[in-house]
Amino acid sequence: MLIGLDIGGTKVEGVIVSPHNAQAVERLRMETPKTNYADFLLVVKGVIDTLSEKAEIDSIGIGCCGSVNRVTGKMQGANILYLNGEDFIGDLRASYSVPVAITNDANCLAISEFKSGAAKEAQDSCLAVIIGTGCGGGVVIHGDIVDGQHGLGGEIGHNPLPHFDSEKDGPAVQCYCGSYNCNESFVSGTGFERTWALKHAPLSAKEIFAAYAQGDQSAVAHVEYYSDCLARVLGNIVNIIDPEVIVLGGGVSNQDAIYPLVAERLNHYTFSKNVNTPIRKAEHGDSSGVLGAAYLPVMKELI
């Protein structure tokens, strides 16, 4: 049996997956600590240890925000800030005798959706984008995940927002990564709420979308603006890799209202104005990342 972990800013989810039918047979979810790395490591090991009591485990695959620096072996670029600079993969390998592999959560989304989800009909390529607490991407080319020389393949959340307008998009905002106007600051769920709060009283994303559904004009304008930002991000990537399918995951991807809006705007930001790339919701939903993580060690070791 395979263990897959999906680690994000709000939860550490673990599953036991059968290698024969891609079905999760056991599942456990715990809250991601807000405190420090030591507490975080205890939670992760607790999930693994609890699942390991249920079946004989052959490998552990982890989908996690950020990436592993190939030189130092330590985490970088994680929006769980206490993870950065820590030897997370080394600490796990020291604790478990089975193979342990790690890649970012968006790569896991791309793996699972390309193999058996919303992009399963694609022959060669797909782009998967997480729009949740943060924003990340996973790229499949020639049927394999693109990890990159520095483990940064698909990190579209930290490109600058294309066509940034200081009047329309507000004042420049510095990201935790040190750069300014990162896509994550606009098209993640937290970015969606942040840009709303620049003009209105703060609301959660769910509250804003509820107001949109009721026809509130401020919410309508904001959802349209958000969709335009997301179309800019996706259009830039289409111009580089031209994927067969774009898959969206994460909390905001569950909002059906954005799909026709983004699809309508995509051609505004692509070289060809006849692009018809399908933009689909992740078929495996919240389980997409964790299923992709489970299959990571049996594909290849990514660090």
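**Chatting through the cores, helix packing and a few odd residues**

Q: Which residues touch the most other members in the largest nonpolar core?
A: In this predicted model, the largest nonpolar core has 37 residues, and those touching the most other members are Ile131, Val187, Leu230, Leu234, Leu248 and Ile258.

Q: Nice. Which helices and strands each supply at least two residues of this core?
A: On the strand side there are strand 8 (126-131), strand 9 (135-141) and strand 11 (246-249). The helices are helix 4 (184-187), helix 5 (189-197), helix 6 (205-213), helix 7 (217-241) and helix 8 (258-266).

Q: And which one gives the most to this core?
A: That would be helix 7, with 11 residues.

Q: Let's zoom in on Ile258. What is it in contact with, leaving aside neighbours within four places in sequence?
A: Ile258 is in contact with Ile131, Leu230 and Leu248, which are also listed with Ile258 as touching the most other core members. Its other contacts beyond those sequence neighbours are Phe209, Tyr226, Ser227 and Val252.

Q: What other core lies apart from the largest one?
A: There is another core, of 31 residues, and Ile3, Val12, Met75 and Val98 are among them.

Q: Switching to helix packing. At what angle do helix 6 and helix 7 pack, and how far apart are their axes?
A: The angle is about 115°, and the axes are 7 Å apart. Since angles of 65 to 115 degrees count as roughly perpendicular, helix 6 is roughly perpendicular to helix 7.

Q: Left-handed or right-handed crossing?
A: Left-handed, for helix 6 passing helix 7.

Q: Which residues meet there?
A: Helix 6 brings Ile208, Phe209, Ala211 and Tyr212, and helix 7 brings Ala219, Val220, His222 and Val223. By class, this contact has 7 nonpolar residues, 1 polar and no charged ones.

Q: OK, now helix 5 and helix 6. How do their axes cross?
A: They come within 9 Å and cross at roughly 70°. That makes helix 5 roughly perpendicular to helix 6, and this crossing is left-handed.

Q: And which residues meet in that pair?
A: From helix 5 you have Phe192, Glu193 and Trp196, and they meet Ala205, Ile208 and Phe209 in helix 6. The contact divides into 5 nonpolar residues, no polar ones and 1 charged.

Q: Phe209 sounds familiar. Where has it come up?
A: Phe209 is one of the helix 6 residues meeting helix 7. Phe209 also takes part in the contact with helix 5, and it is in contact with Ile258.

Q: Changing topic to the backbone. What is the phi of His163?
A: It is near 60°, a positive value in a residue other than glycine. For background, most residues other than glycine have a negative phi.

Q: Where does His163 lie, and is it buried or exposed?
A: His163 is in the loop between strand 10 (144-145) and helix 4. It counts as exposed because its relative accessibility is 52%, and the cut-off for exposed is over 50%.

Q: What about Asp242, what is its phi?
A: Asp242 has a positive phi of about 45° although it is not a glycine. You'll find Asp242 in the loop between helix 7 and strand 11, where it is exposed, with a relative accessible area of 51%.

Q: Next up, Asn107. Where is it, and is it buried or exposed?
A: Asn107 sits in helix 3 (residues 105-116), and it is buried, with a relative accessible area of 0%.

Q: What does Asn107 touch, not counting residues up to four places away in sequence?
A: Asn107 touches Gly137, Gly138 and Val139, along with Ile145, Val146, Asp147 and Gly153. Asn107 and Ala128, 21 residues apart in sequence, are 7.6 Å apart in space, C-alpha to C-alpha.

Q: How about Ser59, buried or exposed?
A: Ser59 counts as buried, at 4% relative accessibility, and its place is in strand 4 (residues 59-64). Not counting residues up to four places away in sequence, Ser59 touches Met1, Leu2, Ile3, Val98, Pro99, Ala294, Pro297 and Val298. Ile3 and Val98 from that list are also among the residues of the 31-residue core.

Q: Last one: where is Thr50?
A: Thr50 is in helix 1 (residues 37-52) and counts as partly exposed, at 34% relative accessibility. Thr50 and Gly14 are 36 residues apart in sequence, with 9.5 Å between them in space, C-alpha to C-alpha.

How values were computed: Residues numbered from 1 in each chain as written. Predicted model: local features only at pLDDT ≥ 70, side-chain atom pairs only at ≥ 80, totals over all residues. Heavy atoms only, no water. Core = buried A, V, L, I, M, F, W, Y, C linked by side-chain atoms within 4.5 Å. Buried < 20%, exposed > 50% of the residue type's maximum accessible area, 1.4 Å probe, protein only. Helix = DSSP H or I, 4+ residues; strand = E, 2+ residues; numbered from the N terminus. Contact = heavy atoms within 4.5 Å. Axes fitted to C-alpha atoms, helices over the stretch in contact; angles between N-to-C directions. Parallel < 35°, antiparallel > 145°, perpendicular 65-115°, else oblique. Left-handed = near helix turned anticlockwise from the far one by under 90°. Nonpolar A, V, L, I, M, F, W, Y, C, P; charged D, E, K, R; others polar.
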